[in-house]
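Work through the exercises below with the sequence and the 3D structure at hand. Try each task before reading its solution.

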Amino acid sequence: MRTILFLLQKEFLQIFRNRLMLPVIFVLPLVQMLILVHAATLEMKKIDLVVVDRDLSSWSGRLAQKFMASPFFRVHDGGNSREDAQELLRKGKADMVMVIPAGFERNMMREGEESVQWLVDAINGTAAGLSHAYASAILAGFHREWLQETGNTAGMDIHSGIKVQERYWYNPKLNYKIFMIPGIMVLLVTIIGMFLSALNLVREKELGTIEQINVTPIRKYQFITGKLIPFWVIALFDLSVGLSLGYFLFDMPVLGSLPVLFAFTSLYLVVIMGLGLFISTMVSNQQQVMFMGFFFIIVFILMSGIFTSTETMPAWAQTVNIINPLAYFMRVIRMIVLKGSGLADIGREMILIGIYAVLAMSLAVWRYRKVA
Amino acid sequence: MEFLEVIRVSRSFGPVNALKEVSFSVNRGELFGLIGPDGAGKTTLFRIIASLFLPDEGKILVKGYNVVKDYKQVRRITGYMPGRFSLYHDLTVEENLSFYATVFGTTLKDSAAYIHRVYSPLKPFRKRLAGKLSGGMKQKLALSCALIHRPEFLLLDEPTTGVDAVSRKEFWEMLEELRNMGVTILVSTPYMDEAGQCDRVALIDHGKLLQTGSPAEIVHNFSAKLYAIRGRNLYALLGRLRMSPEVKYAFMFGREIHLVFYRVPGRPARWLENLSGSPQGTFSIEPLDPGMEDCFVELMGENHPVDGKENI
């Protein structure tokens, strides 16, 4: 025990003396929260919409105006030519083109229905889908207005009789930032737990200091404990910083119990550090840690459900996610912070991550003893 | 009394036999040198003695403790200084020493007298980061750290490599003092001229121990008669000498050629004139008392007959 304390003292001394490590520990959470939360958003704003109005009637003008009034669209006059507008789309100067055909108003009056043509740049499928959804909502609103004002019931479809009132639970304003902040915190904790601890372990190997350590009475478990605890503490510290920033700066609600969240995070860190330790046994310098780490982390992050829902992933991906620790943490942190879930609600995840922690750490320590 | 016993130790890395049945022993209180060129297997042997590697075969006893089974006892009485500087660059001199003192359950104060001779030149720099020290000071710090737990046995892997001549001399003086304090020291070096500082030496090459004995004994055992050739443009002559059937081997030694015959010609000076085609007085040839390096070359030649003739 005394030995571990001396090791910890040495580790913290080195960490606070390391010019690279300190910014990573203290600046990383700030940068991630302040930049990524804003940048990693799926909200679409300022969609460049080119309107080709071939009708030039009062109703076609009102339709264009409805788009101008929306904060999501920046409307540009596309003149009369569909081809010209399409050229703008091709050059990337427009995201969407709406073509209102000649005789739009007349057909609306007479038939009660008319079509407008949409051309959407769908390079980014998600963005295209979202823009289209926004546009459809505006069109629907326009249609309702028209029905009310003209009293024309010719085009009345069965849906307009039913009014849908939406209420979104746990994130009533569909604030994307509040959804992202816990996700970013998962990244933060993971990077510190996995990368920094693996880098720190490998540094001893790279500089050869491990050779001098190995001839001392320090036991391997003491050495590993001394190496991992600092980053365990730092990661939990950074989680607190992240939560505070989210709470005070972004009005993120923290509904659930913090002790449960920290308990889960502590277990999660054991898993992640086990992976870090495992990586450190397979490589001989810090550069290789980065390569190996990136491989794991990119796969884990993209499958974790940080941007997209894991439930919509194919069955095999959901199976793979059983061994993806990030997926557990991602789900749990959002449940606790946004939904107010308690220990009972995340009991299953807690047990699984506990088993995972034991497995990952034992495997890593076993391999470490064998190799080093 | 034998303090260290190395008994038929072998170790290979894949197809490379780093050590082949190496056996020798070091007496208590002896300064013992392990001498051999780079890649001879010195570091591998040291790592096995320090209980960092396992031998494939054979066993090693330090004060009767087996380095594999009783590695804990061995580590407690052994101070190991690796060939590469292995202390923390980002800790100061004092922090490094205190750290190693505490992990051995002692303090810098308790060991002060023991390491005084080595540590005192470092004292003015005790607040300096170890990474910012000069080569000679790093070496002194490493030795201090190896001595911090007052070991009976010191294992120094090429401590003088990459250190200037003055520091080297100083370092050997320190080793002598430690030996006089009763510490048993095993030190490896690629420098033949350092062999004379040891009580006994072992010559090692390609993982095989060639000979063991005091420096005087090894020189005494030199079997062949050695000649030295002096003169100008020796490199051209060296080629001719090596082609000659009478010559066992010849090699450059500073500004001389050292030469051993299979069968010494009746009049060596005359023979040399004929061989070189140069007039009398261009080169001189005289018998010579062998040094450690000559012995080593001779022994290496026996170990690798082909290398001995072609590559020296």
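**Exercise 1. A residue and its core**

Which residues does L155(B) touch, not counting residues up to four places away in sequence?

*Solution.* Start with the conventions. The model is predicted, so local features need pLDDT of at least 70 and side-chain atom pairs count only at pLDDT 80 or more, while totals for chains, interfaces and linings use all residues. Residues are numbered from 1 along each chain as its sequence is written, and chains are lettered from A and ligands numbered from 1 in the order in which they are written.

Step 1. Apply the contact rule: two residues are in contact if their C-beta atoms, placed from the backbone, lie within 7 Å.

Step 2. List the partners. L155(B) touches F46(B), I49(B), A50(B), T78(B), G79(B), Y80(B), M81(B) and L186(B), with residues up to four places away in sequence left out.

Step 3. Place L155(B) in its core. A nonpolar core is a set of buried Ala, Val, Leu, Ile, Met, Phe, Trp, Tyr and Cys residues joined through C-beta atoms within 7 Å. A residue is buried if 20 or more other C-beta atoms lie within 10 Å of its own, exposed if 12 or fewer, and partly exposed in between; these C-beta atoms are placed from the backbone. The largest nonpolar core has 78 residues, and L155(B) and I185(B) touch the most other members. Domain 1 (2-213) and domain 2 (226-310) of chain B each give this core at least three residues. Another core, of 65 residues, lies apart from it and includes M194(A), L267(A), M273(A) and F329(A).

Step 4. Compare with the general rule. In soluble globular proteins, nonpolar side chains tend to be buried together.

**Exercise 2. Two domains of chain B**

Describe how domain 1 of chain B meets domain 2 of chain B.

*Solution.* Step 1. Take the bounds, which come from an automatic or database domain assignment. For chain B this assignment gives domain 1 (2-213) and domain 2 (226-310).

Step 2. State the separation and the contact. The C-alpha centres of the two domains of chain B lie 37 Å apart. In the contact, 9 residues of domain 1 of chain B meet 7 residues of domain 2 of chain B.

Step 3. Find the elements. Helices (H or I, at least four residues) and strands (E, at least two) are DSSP runs, numbered from the N terminus. On the domain 1 side, strand 9 (200-205) and strand 10 (208-213) of chain B are the elements that give two or more residues. Strand 10 of chain B has the largest share, 3 residues.

Step 4. Sort the residues of that side by type. Ala, Val, Leu, Ile, Met, Phe, Trp, Tyr, Cys and Pro count as nonpolar, Asp, Glu, Lys and Arg as charged, and the others, Gly among them, as polar. The domain 1 side then divides into 4 nonpolar, 3 polar and 2 charged residues.

**Exercise 3. The span of a helix**

What span should helix 13 (residues 325-339) of chain A have at 1.5 Å a residue?

*Solution.* Step 1. The expected span is 1.5 Å times one less than the number of residues.

Step 2. Helix 13 of chain A has 15 residues, so the expected span is 21 Å; its end C-alpha atoms are 20 Å apart, which agrees.

Step 3. Look at the surroundings. In helix 13 of chain A, 13 of the 15 residues are buried. G340(A) follows this helix and has a positive phi, near 75°.

**Exercise 4. Positive phi outside glycine**

Is N233(B) buried or exposed?

*Solution.* Step 1. Recall that most residues other than glycine have a negative phi.

Step 2. Read the angles. Phi is near 55° in N233(B) and near 45° in R8(B).

Step 3. Locate both residues. N233(B) lies in the loop between strand 11 (226-231) and helix 8 (234-243) of chain B, whereas R8(B) lies in strand 1 (residues 2-13) of chain B.

Step 4. Count neighbours. N233(B) is exposed because 11 other C-beta atoms lie within 10 Å. R8(B) has 13 C-beta neighbours inside 10 Å and therefore counts as partly exposed.

**Exercise 5. Partners of a strand**

How many bridges join strand 11 of chain B to strand 14 (residues 283-288) of chain B?

*Solution.* Step 1. Two strands pair if DSSP finds at least two bridges between them.

Step 2. Strands 11 and 14 of chain B run antiparallel and are joined by 6 bridges. Here I229(B) stands opposite I285(B).

Step 3. Strand 11 of chain B is also joined to strand 13 (residues 256-261) of chain B, by 4 bridges in an antiparallel arrangement. In this pair, L259(B) is the bridge partner of Y227(B).
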